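User: I am new to this structure and would be grateful for a close look at one part of it, set against the chain as a whole.

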Amino acid sequence: MIQKWLEAFHTVATSGGFTRAAEILHVGQPTISTHVKSLEEYFQVELFYRKGRSIELTPTGAKLVTITRGLYGHQDEALKLLHAARNLESGQLLINAVGPFDVMEVLDVFRSRYPSISTNVTIGFEEEILHGLETFKYDIGVLGRKPSNPGFHFEFYNRHDVLVIAHVDHPLSRRKKLTLKDLRGCEMILRPTFSTTRMAFDRAISESGVEVNTVMEINSREAAREAVLRGFGVGIVSESEHAPAPGIKVLPLRHKGMCTRAYIVCLKERRNRHLIDAFFETARNIDPGSKGVNALKN
C-alpha cells in the first residue's frame, strides 16, 4: 500500500495538484487525497502546505520528491518510448534475406513510410535465417521457398525467371533463340544444389530430358559471374540477381516454370507484432507491376 501512497504523492508533487494527479493516474481525486493523507498520517509528517485549492511542498515533501523522482521520474520517458513504438516512430527491424533484391524493394517503400524505424539487413542462407527467426535474432526473413515448419508464417511476394548467361564470345551467344535442349552437354557453372536458382534449373532440365556438363559449382553469385566472364562455362542466375556487365550476354531463353520465388517469413507467434505487421502490410501493398517484369500470383 505504501507504494501506492508514494506514487500518489509523487504525481501530485510533479503535476501541481490533486485533480491533475487523479487524471494522470486514472483514479478519482478522493482516492489521491486519501493516499497522500494516509502517507502523512502513517509517518506523522506533513508533505504539503494546503492553501485552499493551491498546494506547496513542505521541506520534508521537497526532499521526498527528489527521491521519488528516481522511482517514478522515468515514467514519462518510458511512456514516450512506448507511444513512439506504437506509432512506429521508433524501433528496429532485424531482417535476414537469401538475396538483396526483394528485401531492398520492400524496404524502399517501408523506409519512406516509417523513416524513424532503424533497419538491420543481413544476407544469409535459409537454414541460418530460420534458426535466427526461432531464436529472435531476426524479426523478418526473406526466403526462396516456403518453410515446411508450421511454426512459421509466410506470404508469397514475387517470382523471378531464371536466366542463362554466357560470355559474349561463347558460341551460344550468337543464337537468336535458345531452348533447354541447346544446353545438352554444355559446360555449366552452377550454384550449389540447395540454391533455389539451381533447383529451378535442375527441375527444368530434368523435365526436358537434358543433361549438362557441370564443370564448376560455386556458392557465390559474384564468383559464378566471374567464372562466366573468364569463359569457364555458361551460368544461370535469377533475374532479380542479374547485374549487367560488359562481356556477359543474357541468352534468349524462357522456360515456363524455370523461376525462383520470394517469400516473406516470420515466426507465427510474432505475426501480429506491430512492426512486423507493418512490414508485411507494406510488401502486400506494393504494386505487383512494379515488382520486376514477372510478378505473378503464387
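What share of the contacts in the protein chain with a separation of 6 or more comes from residues 24 or more positions apart? Please then look closely at L143 and at the helices with buried residues.

Analyst: This is a predicted model, in which local features need pLDDT of at least 70 and side-chain atom pairs count only at pLDDT 80 or more, while totals for chains, interfaces and linings use all residues. Residues are numbered from 1 along each chain as its sequence is written, and side-chain values use heavy atoms, with hydrogens and water left out.

Residues 24 or more positions apart account for 74% of the contacts in the protein chain with a separation of 6 or more; a contact means heavy atoms within 4.5 Å. The protein chain holds 10 helices and 11 strands, which are DSSP runs numbered from the N terminus (helices: H or I, at least four residues; strands: E, at least two). Its radius of gyration is 31 Å, well over the 19 Å that the globule rule gives for 298 residues, so the chain is more spread out than a compact globule. That radius is taken over C-alpha atoms, and the rule is 2.2 Å times the number of residues to the power 0.38. Along the principal axes, the C-alpha trace spans about 100 × 35 × 30 Å. Of the 298 residues, 41% count as buried, that is, under 20% relative accessible area (exposed is over 50%, partly exposed in between; 1.4 Å probe, protein chains only).

The requested residue, L143, lies in strand β5, which covers residues 140–143. L143 counts as buried because its relative accessibility is 1%. Leaving aside residues up to four places away in sequence, L143 touches V98, E126, I129, L130, R261, A262, Y263 and V265. One of these, L130, is 13 residues from L143 along the chain, and their C-alpha atoms are separated by 9.1 Å.

Strand β5 also appears in the surroundings of helix α10: the cover over the buried residues of α10 includes β3 (92–97), α6 (100–113), β5, β6 (152–167) and β11 (259–267). Those buried residues of α10 (residues 274–284) are L275, I276, A278, F279, F280, T282 and A283.

Helix α2 (residues 18–25) has F18, A21, A22 and L25 buried. These residues are on the same side of α2, because they cover an arc of only 100 degrees around the axis, the arc being that of the directions from the helix axis to the C-beta atoms. Their cover includes α1 (2–15), α3 (29–43), β1 (48–51) and β2 (54–57). After α2 comes H26, with a positive phi near 60 degrees.
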